Amino acid sequence: MKVVIINGSYRKSGITASALHMIEAGLKEEGVETSFHDLGEICMSHCTGCCSCYKTGHCCMKDDAERISELIAEADGLVLGTPTYASNVSGLTKDFIDRGHFVIEQLLRDKACVTIATGENYGSRDARKVLDKLVIYSGGLLCDSFAMNAPFNGTDMVREELSEKCRRTTRKIMKGLQKKSFHPIQKMIHFVVLNAGIAAAEGRIIVTIDADNRMTKKTLCEIYGLLRSGKFIGGGAPIRFERYSFPLWCNDMLCRVSFGLTGLYSGIFWAKKETFDAIGGFADLKAMEDVATAKLLKKYGKQHGKKYTTLRKNYLINSTRKYDDLGDWLYFRLMIENAGVLIRAALGDRSGMDSLLDRMFYDYNDEH
Ligand SMILES: Cc1cc2nc3c(=O)[nH]c(=O)nc-3n(C[C@H](O)[C@H](O)[C@H](O)COP(=O)(O)O)c2cc1C
C-alpha cells in the first residue's frame, strides 16, 4: 500500500512537518510505503486558469505539481498538512490544490485521506475545513482530520500532545486503508458534478438534468424560444413522475405547491452559460442546492430586468427508480423517523443532518 504525504509549509522542520513525519513513521512501522513531499522544495507554477485539465484530465504544465498529482492518482491514501496563514491554508497548499485538479478528476476516489492544519491562535479550524472539503468533493474517504494550535516554533513544547494525535490518526488511516473494500461509498456531491459539467461545456445555453430523469421531446426548443425572447433569465420545469401512486401524488402536490408559492422552479435548470458563470454555478450545498440555485438565478434575473420562469408545455419526467426499490413512502418515512434530527436542525443544531442527507439523497445513488 502506498500513501502520499504532503507538507504545505515552507518550513521543513516546522510543526506541520513534525506531525506529518510522525504519521509517516507510524505508517512505515505498519509496512506502508510512503512518499513525503515538502511543497516548499518542489518546482510548482501557479494555475493559469487555462482549464485544459477540464478537458484532458491532465495539467498542461509538466512540473512537480503534476508529477505529485500522478503519484496521488496511483496511491491508496493521502495525508495533507498545512499551517494556518491568515485563517486559511498556506499559499503553497492553495497553489497545490489548484494545480492538482482534484475535484474534476475525482482524484481521491477510493483513497483513505487525512488532513491536518496547525496554527498559533485563530483560524486553524477554517484551514482544516478547506482541506476536508477538498477531500470530500474529490471523492476521498476522510479517515481523520485535526487542527492543532501551538506556539510558533513550539514543536518541543507540544511534542507529547502531537505524537498522541498522530498515533490516533495513523490508526485511523490504517483502518481506512485495510478496510478499503468496506468503505461506505463516497458521495458524488451533486453540485460538484453539475458545476464540472457546466465548466466543461462549450455551448451558449446550459440545460441540466439528473441522470435517469428524462425531459419531454420539445423541451430544448421551448427553452431556446424562451431565452431568445429576451424576457427570461432562465428557469426550471414542472416535475411529473414516471408512474403514480397515492404517496407519489402527495410528493407531486408538495412540489406544485412549493413551486407555486415560491416561484423557485427546479428539476431541469436552464439558462445561458454566461448566466451560470455570473452566478458562480450551482450553489455550494450538499442538499437544497437546487432551491439555492433557483434563488441565485431569480435574483440575478431581477438585477437584469428578466424573469425566472418555468416551462409551460414541456416537463421533467422524474424517475421512480428509488421509490420502486425503497417504497413510495420513502421521504415521508425518513422525515417521520428523523423528526428529532429535523427539529434540532431547525433550532440550530445540525449534528445528525449530514448522515440524514446522505440517506435521503446520496446513499442510494452511490450504491445502485
Ligand atoms: C504569514 C503567517 C500567517 C499566519 N497566520 C496565522 C493565523 O491566521 N492563525 C493562526 O492560528 N496561526 C497563524 N500563523 C502561525 C502558523 O500557522 C503556525 O505557527 C503553524 O503551526 C506554523 O506551521 P509550520 O511550523 O509547519 O510552518 C501564521 C504564520 C505565518 C508565518
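A residue is near the ligand here if its C-beta atom, placed from the backbone, lies within 6 Å of it. Keep in mind that this is a predicted model.

## Around the ligand

With that cut-off, the ligand is surrounded by 20 residues, and the closest are Gly14, Thr16, Pro83, Thr118 and Gly119. Three elements give two or more residues to this shell: helix H1 (15–29), strand E3 (77–85) and strand E5 (112–119).

What is the make-up of the shell by class? It has 10 polar, 8 nonpolar and 2 charged residues.

## How the chain is divided

The domain assignment splits the chain into domain 1 (2–182), domain 2 (190–323) and domain 3 (329–367). Between the C-alpha centres of domain 1 and domain 3 there are 31 Å.

Two residue pairs give a feel for distances across the model. Gly260 and Lys2 are 258 residues apart in sequence, and their C-alpha atoms are 54 Å apart in space. For Phe269 and Asn153, the sequence separation is 116 residues and the C-alpha to C-alpha distance is 52 Å.

## Helix H6

Does H6 have the length its residue count calls for, or what is its end-to-end span? Helix H6 covers residues 124–137, and at 1.5 Å a residue its 14 residues should span 20 Å. The C-alpha atoms at its ends are 20 Å apart, so the expected and modelled spans agree.

On the buried side of the ledger, H6 has Ser124, Ala127, Arg128, Leu131, Leu134, Val135 and Tyr137. That list includes Arg128 along with Leu131 and Leu134. After the helix comes Gly139, with a positive phi near 85 degrees.

## The four-strand sheet

Now for the strands. In general, strands of a sheet pair through backbone hydrogen bonds, either parallel or antiparallel. One open sheet here has 4 strands in the order E7-E11-E9-E12, and its pairing is mixed. Strand E7 (205–208) and strand E12 (307–310) are the edge strands, each pairing on one side only. On average, neighbouring strands of this sheet are turned by 20 degrees against each other, direction ignored.

At one edge, E7 pairs with strand E11 (residues 269–272) in the antiparallel sense, over 4 bridges. Thr208 has Phe269 of E11 as its bridge partner. Thr208 also sits on the covered face of E7 together with Ile206, while Ile205 and Val207 make up the uncovered face. Over at E12, the pairing with strand E9 (residues 232–236) is parallel, again over 4 bridges. There, Phe232 is matched with Lys307 of E12.

## The three-strand sheet

Another open sheet has 3 strands in the order E8-E13-E10, also with mixed pairing. Its edge strands, strand E8 (214–215) and strand E10 (239–241), each pair on one side only. E10 runs parallel to strand E13 (residues 316–318), and 3 bridges join them. In this pairing, Ile239 has Leu316 of E13 as its bridge partner.

## Two residues, two environments

Is Phe269 buried or exposed? Phe269, in strand E11, has 22 other C-beta atoms within 10 Å, so Phe269 is buried; the cut-off for that is 20 or more.

Gly260 belongs to helix H10 (residues 246–262). Gly260 counts as exposed because it has 10 C-beta neighbours inside 10 Å, and the exposed class takes 12 or fewer.

Notes. Residues are numbered from 1 along each chain as its sequence is written. This is a predicted model: local features need pLDDT of at least 70, side-chain atom pairs count only at pLDDT 80 or more; totals for chains, interfaces and linings use all residues. The expected span of a helix is 1.5 Å times one less than its number of residues. Domain bounds come from an automatic or database domain assignment. Ala, Val, Leu, Ile, Met, Phe, Trp, Tyr, Cys and Pro count as nonpolar, Asp, Glu, Lys and Arg as charged, and the others, Gly among them, as polar. Two strands pair if DSSP finds at least two bridges between them. Axes are lines fitted to C-alpha atoms, for helices over the stretch in contact, and angles run from 0 to 180 degrees between N-to-C directions.
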